[in-house]
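Thanks for making time. Please bring up the model on your screens, and I will walk you through it.

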Amino acid sequence: GADGLRGEFRVVERERLFDSYRRIERRGVEFPDGRRASFEVLESPPAVFVLPYCRRRRRFSLIEEYHPGAEETKLGLVAGAIDPGKTVEAAARDELSEEAQLAGGDLVPLAGGYGIAIDKYTTNRFYAFLALDCKRDPAPRPPDPQECIHARHDVTHSDLLSLVHSGSFNVPSTAFAMLALAKLEALGELSS
């Protein structure tokens, strides 16, 4: 209603359906009015997304990697899970080194620096950054064994916009690329 939802939503039962890197849990929830519903919730670790931009060259860096769900290679932002005990910023820097062979630079948080929930049926959160003026990493971190990645450091503003508008990226890369472009515009970095 116009006054919003009132009362307590209580989880009254939990059942683990699948347990691996990602987990699926069925949760029985009691609504404030007494009704009950069951939801399958995906539990995954939080992750970072990073869009590197070199102001001198006016170029973005993207990665191309195999996406097992789509069974194809796709371009997207540098991304990866945040390992337990790591800060969000440390995870972003690790992924920059591992996936794009980049180091240093300034990390600019996007979306207020808060983790964004993927959707209402997941527990993990995504943290996004714009990485300004990174340099080639002389000793990059090794890639994860399950990843096959190629970095591209030559993406123009118009190339990035075309990729976003063509549907070439996955949803998180699309959303965070748009936030990064808006941040660069606000900083006056994209004016001619």
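Where is Ser97 found? Ser97 sits in helix H1. Keep in mind throughout that this is a predicted model.

Let me start with that helix. H1 covers residues 88-100, which is 13 residues. At 1.5 Å a residue, it should span 18 Å. Its end C-alpha atoms are 17 Å apart, which agrees with that expectation.

Next, burial. Ten of the 13 residues of H1 are buried, so the helix is largely enclosed by the rest of the structure. The buried set is Val88, Ala91, Ala92, Asp94, Glu95, Leu96, Ser97, Glu98, Glu99 and Ala100. Here is a general reminder. An α-helix has 3.6 residues a turn, so residues three or four places apart point the same way.

Back to Ser97. Its relative accessible area is 5%, and because the cut-off for buried is under 20%, Ser97 counts as buried. What does Ser97 touch, leaving out residues up to four places away in sequence? Its contacts are Leu102, Asp137, Ala139, Pro140 and Arg141. Just after H1 comes Gln101, with a positive phi of about 55°.

Now the cores. The largest nonpolar core has 26 residues. Those with the most contacts inside it are Phe60, Leu62, Leu77, Leu130, Leu160 and Phe169. Which elements give two or more residues to this core? Three are strands: S4 (47-54), S5 (59-67) and S11 (125-132). The others are helices H2 (157-166) and H3 (171-186). H3 provides the largest share, five residues.

A second core lies apart from that one. It has 16 residues, and among them are Ile82, Val88, Ala131 and Cys134. Val88 also appears among the buried residues of H1.

Take Leu62 as a probe of the largest core. Setting aside residues up to four places away in sequence, Leu62 touches Leu51, Leu75, Gly76, Leu77, His150, Ala151, Arg152, Val155, Leu160, Leu163 and Phe169. Three of those names should sound familiar: Leu77, Leu160 and Phe169 are listed with the most contacts inside the core.

On to the strands, with S5 as our guide. How do S4 and S5 run? They run antiparallel, joined by two bridges. Tyr53 stands opposite Phe60 in S5. The hairpin of S4 and S5 has four residues between the strands, and there Arg58 takes a positive phi near 55°.

S5 also pairs with S6, residues 72-76. That pairing is antiparallel, with five bridges. His67 has Glu72 in S6 as its bridge partner. This hairpin, too, has four residues between the strands, and Glu71 takes a positive phi near 55°.

Then there is S13, residues 149-155. Five bridges join S13 to S5, again antiparallel. Glu64 finds its bridge partner in S13, at His150.

Let me return to Tyr53 and Phe60, because their rings have centres 4.5 Å apart and planes at 40°, so the pair is tilted. Both residues are buried. The total comes to five aromatic pairs. Phe49, Phe126 and Phe176 form one aromatic cluster.

Last topic: cysteines. How many disulfides are there? The count is zero. Look at Cys54. The closest cysteine sulfur to its own is in Cys134, at 9.0 Å, which is too far for a bond, because a disulfide needs sulfur atoms within 2.5 Å. The C-alpha atoms of Cys54 and Cys134 are separated by 6.9 Å, and the two residues are 80 residues apart along the chain.

Buried or exposed? Cys54 is buried, at 17% relative accessibility. Cys134 is buried as well, at 13%. Cys148, at 60%, counts as exposed.

Where does Cys134 sit? Its place is the loop between S11 and strand S12 (135-136). Beyond its neighbours within four places in sequence, Cys134 is in contact with Leu96, Leu102, Ala103, Gly104 and Gly105. That brings us back to H1, where Leu96 is one of the buried residues. Leu102 comes up again too, as a contact of Ser97.

That is the tour. I am happy to take questions.

Terms used: Residues are numbered from 1 along each chain as its sequence is written. This is a predicted model: local features need pLDDT of at least 70, side-chain atom pairs count only at pLDDT 80 or more; totals for chains, interfaces and linings use all residues. Side-chain values use heavy atoms; hydrogens and water are left out. The expected span of a helix is 1.5 Å times one less than its number of residues. Buried means under 20% relative accessible area, exposed over 50%, partly exposed in between (1.4 Å probe, protein chains only). Contact means heavy atoms within 4.5 Å. A nonpolar core is a set of buried Ala, Val, Leu, Ile, Met, Phe, Trp, Tyr and Cys residues joined through side-chain atoms within 4.5 Å. Two strands pair if DSSP finds at least two bridges between them. Rings of Phe, Tyr and Trp (its six-membered ring) pair if their centres lie within 6.5 Å; planes under 30 degrees apart count as stacked, over 60 as edge-to-face and the rest as tilted.
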